[in-house]
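I opened this entry to look up a few residues and their surroundings. My notes follow the display.

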Amino acid sequence: MSEQLEPLRRKYKNTSIPDELDFVVKKALKQRKKRNMNMMKPLVGVGAAAIILITGINASPTFAKALSEVPWVGSFVNVLTFTEFQVEEENAKADIKVPTITNMENKTLEATLNDKYLEESKKLYNDFVAEMEELKQNGGGHVGVESGYEVKTDNDQILVVGRYVVNTVGSSSTTFKYDTVDKKNQILITLPSLFKDDSYIGLISENVKEQMREQMKADPEKVYWVEGPMSFETISKDQSFYINNEGKLVISFDKYEAAPGAMGVLEFIIPTDVIAEALVSSEYIK
């Protein structure tokens, strides 16, 4: 396991840090030295009381060694926190966790996914810093972002890594993206790849609207945009989705995408019989 982690350690050490992050970290280190703080305490920046924490699996040799001594760890695809960026000021907070996948046989796919996760997080951080500085120049205001990941499915065949972003500027918004991986064949599964043709778009859309109507009828507190000018009409060709542990297709909508914000992120499990005729095979969807 330690040999498998070594390329990840090297990549982490060689990862370029955004200029703004590098600047704040240096300030924090300088301030911490002045105050003779304990090495385990947060890094406190000058004046603004910004806290920046950067953690990675290479930060703890003890942790890496412990992993290497667990016999079954090396035989599974793992999802770990590769890097974490945290910023904390009075009116600005960020907590961005970057996942990394390890132990995949297909190293090209592994690297592609991990590069994507890192680039998404770096952009998210840089956008946050730019917005924070703009607000300061315009008299202040609150800004916040939280990003992390969830392993939604992990069985003998399917791994699903979900990444979420919560922005808290004015009214909060939440987005979710998923990567669904066939662990046996070491390939990334897309929504169109599951079906013979585009007929799935209409089949899934009609079922989602049917579920929305049934849920609103059963629970008056549930509200979906099924009717009216903002009504949900159809999923996109590459709609956010994943395959759950029961082998069912789950269609996901971001906050505000198909319902008022109070409904949050939406998920609809699509009955397999609704889409069975359109599926390429029953390899993934049961």
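I started with the contacts of Leu249, working in a predicted model. I set aside its neighbours within four places in sequence. Leu249 is then in contact with Leu191, Leu194, Phe195 and Ile204. I also listed Phe241, Tyr242, Phe268, Ile269, Ile270, Ile275 and Ile285 as contacts of Leu249.

Next I looked up the largest nonpolar core, which has 35 residues. Which of them touch the most other members? I noted Leu191, Leu194, Phe195, Ile204, Leu249, Ile251 and Phe253. I then checked which elements each supply at least two residues of this core. Strand 5 (158-167), strand 6 (173-182) and helix 5 (199-218) do so. I can add strand 8 (241-243), strand 9 and strand 10. Helix 5 gives the largest share, five residues. Another core lies apart from this one. I counted 14 residues there, among them Phe82, Val98, Leu113 and Leu159.

I moved on to Glu257. I found Glu257 in the loop between strand 9 (249-253) and strand 10 (266-270). Is Glu257 buried, exposed or partly exposed? Its relative accessibility is 39%, so I logged Glu257 as partly exposed, since the partly exposed class runs between 20% and 50%.

What does the side chain of Glu257 reach? I found the backbone nitrogen of Asp254 at 2.8 Å. The Glu257 side chain also makes a polar contact with the side chain of Gln239, at 3.4 Å. Leaving aside neighbours within four places in sequence, I listed Trp225 and Gln239 as contacts of Glu257. Last, I checked Tyr224: Glu257 is 33 residues from Tyr224 in sequence and 9.8 Å away in space, C-alpha to C-alpha.

How values were computed. Residues numbered from 1 in each chain as written. Predicted model: local features only at pLDDT ≥ 70, side-chain atom pairs only at ≥ 80, totals over all residues. Heavy atoms only, no water. Helix = DSSP H or I, 4+ residues; strand = E, 2+ residues; numbered from the N terminus. Buried < 20%, exposed > 50% of the residue type's maximum accessible area, 1.4 Å probe, protein only. Contact = heavy atoms within 4.5 Å. Polar contact = N/O pair within 3.5 Å; in protein donor to acceptor, adjacent residues only side chain to side chain. Core = buried A, V, L, I, M, F, W, Y, C linked by side-chain atoms within 4.5 Å.
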